[in-house]
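These are my notes from going through the structure. I set down each item in the order I looked it up.

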Amino acid sequence: MSEYRPLLMRSNRLLGSALIEHNLVKFEDLEAANERLLEIATTGDLRRSSVLSVLVYEKKVLTEEALLHHVVDDHGVSVIDLRTYDVPEAIRRDLDLEACWATWSVPFDHEEDFHFVATAYYLSSAVRSFWEKKLGGQIIWQATTMDVIADFIDRTQLEQTAANKNYGRPLASSGRTAAPGGSVSPFPMTDTTPSLPPMSPAGRNSPRPPLPT
């Protein structure tokens, strides 16, 4: 947590500022959510240290569905569900999962100089800047929900742990089936859990999200 705390706090702070700027939450609601975030962050729990989760699941003053529609409609970002996308083994094997938790974002594919990154924090300029520097090249962003991100990180964590115990064996396919025991949703499933807008094509036998022309 100590290594990623500055990134986590900056990612959340700039997300909150963007939510205010785009009139998605009220200032007083964000202030209360930030106070709650500081309480959670002192526990060192990367998974729960999210101002978005506080706004959506605790304060219930925002829905991820509203946020996704804003990102799609106003920023031209498409949406993906990683639960139906076969992420390459090399990416899953080497993924920095703590950085993913700190930014609620995961790289899930690449082609030549283009990297594909799914994120629940697209509006945070700190998140975009971090991954642009870390990955190099150009990034094609895809919006998704916190639940989708958490499910992917949980499955990848299990795969990385298993691979470390069985060094030299390939990782299991991420595919469409959850890891044994299932992944733990980052927050309780409630009526605020959104239905995702139309997805990008799923699976590596289907076309990737389109490259810029």
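I started with His-70 and asked whether His-70 counts as buried or exposed. Its relative accessibility is 9%, and the cut-off for buried is under 20%, so I entered His-70 as buried. I placed His-70 in helix H4, which covers residues 64-75. I then listed what His-70 touches, leaving out residues up to four places away in sequence: His-22, Leu-24, His-75 and Leu-123. I note that the model I am reading is a predicted one.

Next I checked confidence. The average pLDDT of the chain is 83, and 77% of the residues reach at least 70. I marked residues 187-194, where pLDDT stays under 50. For that stretch I found 14 contacts in the model beyond four places in sequence. I also marked residues 198-207, again with pLDDT below 50. This second stretch has 22 contacts in the model beyond near neighbours in sequence. I do not interpret those contacts, because predicted coordinates should not be read in detail where pLDDT is low.

I then went through the secondary structure. I have 8 helices and 4 strands for the chain. Read from the N terminus, I wrote the order of elements as α-α-α-α-β-α-α-β-β-α-β-α. The chain has 213 residues, and I noted 49% of them as buried. Taking contacts with a separation of 6 or more, I found that 72% join residues 24 or more positions apart.

Helix H3, residues 51-58, was my next stop. How many of its residues are buried? I noted 7 of 8, so I describe H3 as mostly covered. The buried ones are Val-51, Leu-52, Ser-53, Val-54, Leu-55, Val-56 and Tyr-57. I looked up what these buried residues pack against and wrote down H1, H2, H4 and helix H8 (146-165).

From there I turned to the pair H1 and H2. Helix H1 spans residues 5-21 and helix H2 spans residues 27-41. Their axes come within 10 Å and cross at roughly 170°. Angles over 145 degrees count as roughly antiparallel, so I recorded H1 and H2 as roughly antiparallel to each other. The crossing of H1 with H2 is right-handed. On the H1 side I listed Arg-5, Met-9, Asn-12, Gly-16, Ser-17 and Ile-20 as making the contact. On the H2 side I listed Phe-27, Leu-30, Leu-37, Leu-38 and Ala-41. I sorted the residues of this contact into 7 nonpolar, 3 polar and 1 charged.

Last, I looked at backbone angles. As background, most residues other than glycine have a negative phi. I noted Trp-104 with a positive phi, near 50°. Trp-104 sits in the loop between helix H6 (97-103) and strand S2 (105-111). Its relative accessibility is 0%, so I entered Trp-104 as buried. I noted Glu-112 with a positive phi as well, near 55°. Glu-112 lies in the loop between S2 and strand S3 (114-119). Is Glu-112 buried or exposed? At 69% relative accessibility, Glu-112 is over the 50% cut-off, so I entered Glu-112 as exposed.

How values were computed: Residues numbered from 1 in each chain as written. Predicted model: local features only at pLDDT ≥ 70, side-chain atom pairs only at ≥ 80, totals over all residues. Heavy atoms only, no water. pLDDT = per-residue confidence, 0-100. Contact = heavy atoms within 4.5 Å. Axes fitted to C-alpha atoms, helices over the stretch in contact; angles between N-to-C directions. Helix = DSSP H or I, 4+ residues; strand = E, 2+ residues; numbered from the N terminus. Parallel < 35°, antiparallel > 145°, perpendicular 65-115°, else oblique. Left-handed = near helix turned anticlockwise from the far one by under 90°. Nonpolar A, V, L, I, M, F, W, Y, C, P; charged D, E, K, R; others polar. Buried < 20%, exposed > 50% of the residue type's maximum accessible area, 1.4 Å probe, protein only.
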